[in-house]
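Hi,

Here is the structure I promised to pass on. Have a look at it first, and then read on for what I found in it.

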Amino acid sequence: MNRLLPRALMAPAVLSLFLWMIVPLVMTIYFSVIRYNLMQPDQVGFIGLENFEYFVTDPSFGTAVINTLLLLGSVILITVIAGIAIALLIDEPFPGRNIVRILLISPFFVMPTVNALLWKHMMMNPIYGVLAQVWLFFGATPVDWLSDWPLWSVIVIVSWQWLPFATLIFMTSLQSMNREQLEASRMDGANYLQQLRYLYIPHLGRSVAVVVMIEMIFLLSVFAEIYTTTGGGPGDASTNVAFLIFKQALLNFDAGVASAGALFAVVLANIAAVFLIRMVGKNLDK
Amino acid sequence: MTQIQKNLAIQTLRTAFAWLVTLLLFFPLGWLILTAFKTELQAISVPPLLIFTPTLENFSIVQDRSDYLLYAQNSLITSVASTLLGLALAFPAAYSMAFFRSKHTKDILMWMLSTKMMPAVGALVPIYVLAQTSGLLDSRTGLVIVFTLSNLPIMVWMLYSHFKDIPNEILEASRMDGATLWQEFRHVLLPLTMGGLASTGLLCLVLSWNEAFWSLNLSAAKSGTLATLIASYSSPEGLFWAKLSAASFMAIGPIVVFGWFSQKQLVQGLTFGAVK
């Protein structure tokens, strides 16, 4: 086998991915420094950093950044803590463990639009929704979740979808726990809390980092869940950066400003990516 | 209480609690499935109905009203085509990386991973413009290309990690015996990696089927996938919960079952092998 063949075999995948990355990036950079509104095709020309200025000084921008961070932070916090708790709970065999596993995993395979509508209508509707019924049952006044707590509703919806992913990873990680070590610690009289503190949590450290970073990358650009439930509203109450860019591009037809925003989102995601890549890279050397 | 009794009590409590948590978390999905078999009146009844005579009428209404089959066909074609195309691109690439390691292999793998980190919304405007100028807007071809490229890094990574476990000697032996590259693929590598190939394909099928960002932005009436069909039910006029549930049930049923089979690969694929 000559030396060219391995490269030739790699070429289609590498080249297509390279185009997929570089073409949009160059175009985005170009669009971000010109005047480019789909509704005003006659106005063109180089305008420097005006689009960036417009995007960043837009009053919606600050809200969108805060919403993005709140969404990201809350979902990660909820899924990591609940995920570890559930993984520990079902770590040891019990009757029906396999069924429990399958039921717990299922929400992750539900497409985001179904997930969002299911919660919007059947769970959170203030009159007929299940949550409203539960509230009434306990004598409380039902809440209009999507109007009164739009961002928190989105957080609940997204957390429900990502909890199975976190749980699954923690479950997988727990399977590689050193059972003899656990047994030995029990013999030495360690109680469950001590085992948790000195054995389980340190063992899970690495997978927590992985979950946090994977979720960071996916959750920075939550889109479908917002699109189908609140539409970013009321006002900008549940608009994140990804949705703001979408609004600029396809609702305001301002491709220039949207591109400036997109570059901002790329920078945000890359900060998270650098850490993840380092970690995976270390793993590759082993 | 003896120690054994105490352990049994803890065990029972634990089991009960595990089931309680599971049923609570699964409840929304279970509720969706139940609602799919109710009439519209039963779906919004107060208090909610748990026991009722199931009906299948919603399923036929969904088909009549919104042409479910067209969207299902689009979903099926785009996800299967993008999975096959992705495998065709990723298989040789992963082969080359796993069995002909050079000092650049690691860099290339890392770079592929980094393309997956680009948020899709960052490429929205250029991809939209490109799709429009090339006539691929609202076409299945356009969606297949986009799905393939966004899944390609995951596929290369997963195949690579499967290939890595195969000893190079087996392939070398077949080469010594005069096997061509194609014969080597077909008769040696393929049988050895069938499991890895299947699980990679399965995971990508699930990811493409559920993909919502690109299908919402690049497709409409002609090439819309099930994800877009369901999104069209978000309008507030009228409460068609039973029909929405029936449509959702049909949209997620097959893929959730696929998902159960690919859950192990999901961990490896989505964490790029960092958790095994």
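In chain A, take the contacts between residues with a separation of 6 or more: 69% of them come from residues 24 or more positions apart. Chain B can be described in a similar way, and there 79% of the contacts between residues at least 6 apart in sequence join residues at least 24 apart. Keep in mind as you read that this is a predicted model.

Let's stay with chain A for a moment. What is chain A built from? It has 13 helices and zero strands, so to speak a run of α-α-α-α-α-α-α-α-α-α-α-α-α when you read along the sequence. Its C-alpha atoms fill a box of roughly 80 × 75 × 30 Å along the principal axes. Of its 286 residues, 44% count as buried.Now for chain B. It also comes with 13 helices and zero strands, and from the N terminus on its elements run α-α-α-α-α-α-α-α-α-α-α-α-α. The C-alpha atoms of chain B fill a box of roughly 75 × 75 × 35 Å, again along the principal axes. Its radius of gyration is 24 Å, while a compact globule of 276 residues would have one near 19 Å. Of the 276 residues in chain B, 49% count as buried.

How many residues does each chain bring to the contact between them? Chain A gives 80 residues and chain B gives 78 residues. On the side of chain A that touches chain B, 64 residues are nonpolar, 16 are polar and no residue is charged.

Next, the inside. The largest nonpolar core has 164 residues, and the ones with the most contacts inside it are A:I245, A:A265, B:A94 and B:V156. Helix α7 of chain B, residues 140–163, provides the largest share of this core, with 15 residues. Domain 1 (3–58) and domain 2 (60–270) of chain B each give the core at least three residues. If you want a residue to click on, try B:V156. Leaving out residues up to four places away in sequence, B:V156 touches A:A13 from chain A, along with B:A90, B:A93, B:A94 and B:M112 from chain B.

Those two domains deserve a closer look. The domain assignment splits chain B into domain 1 (3–58) and domain 2 (60–270), and their C-alpha centres lie 33 Å apart. Where they touch, domain 1 of chain B contributes eleven residues and domain 2 of chain B contributes twelve residues. On the domain 1 side of that contact, α1 (3–36), α2 (40–43) and α3 (57–66) of chain B each supply at least two residues. The largest share there, four residues, comes from α1(B). Sorted by class, that side of domain 1 has five nonpolar, three polar and three charged residues.

Two single residues in chain B are worth finding on your screen. Let's start with B:L34, which lies in helix α1 of chain B. Is B:L34 buried or exposed? It counts as buried because it has 20 C-beta neighbours inside 10 Å, and 20 is the number at which a residue is called buried. The C-alpha atom of B:L34 is separated by 9.0 Å from that of B:A242, although the two are 208 residues apart along the chain.

The other one is B:D138, in the loop between α6 (124–133) and α7 of chain B. B:D138 has a positive phi of about 55° although it is not a glycine. That caught my eye because most residues other than glycine have a negative phi. With 16 C-beta neighbours inside 10 Å, B:D138 counts as partly exposed.

Finally, a word on confidence. The model scores ipTM 0.83 and pTM 0.86. Chain B has a mean pLDDT of 85, and 97% of its residues reach 70 or more. Where in chain B is confidence highest, and where is it lowest? The highest mean, 92, belongs to helix α4 (residues 68–99) of chain B, and the lowest, 74, to helix α13 (residues 263–270) of chain B. As a general habit, where pLDDT is low, the predicted coordinates should not be read in detail.

Cheers!

Notes
Residues numbered from 1 in each chain as written. Chains lettered and ligands numbered in written order. Predicted model: local features only at pLDDT ≥ 70, side-chain atom pairs only at ≥ 80, totals over all residues. Contact = placed C-beta atoms within 7 Å. Nonpolar A, V, L, I, M, F, W, Y, C, P; charged D, E, K, R; others polar. Rg over C-alpha atoms; globule rule 2.2 N^0.38 Å. Buried ≥ 20, exposed ≤ 12 C-beta atoms within 10 Å, placed from the backbone. Core = buried A, V, L, I, M, F, W, Y, C linked by C-beta atoms within 7 Å. Domains from an automatic or database assignment. pLDDT = per-residue confidence, 0-100.
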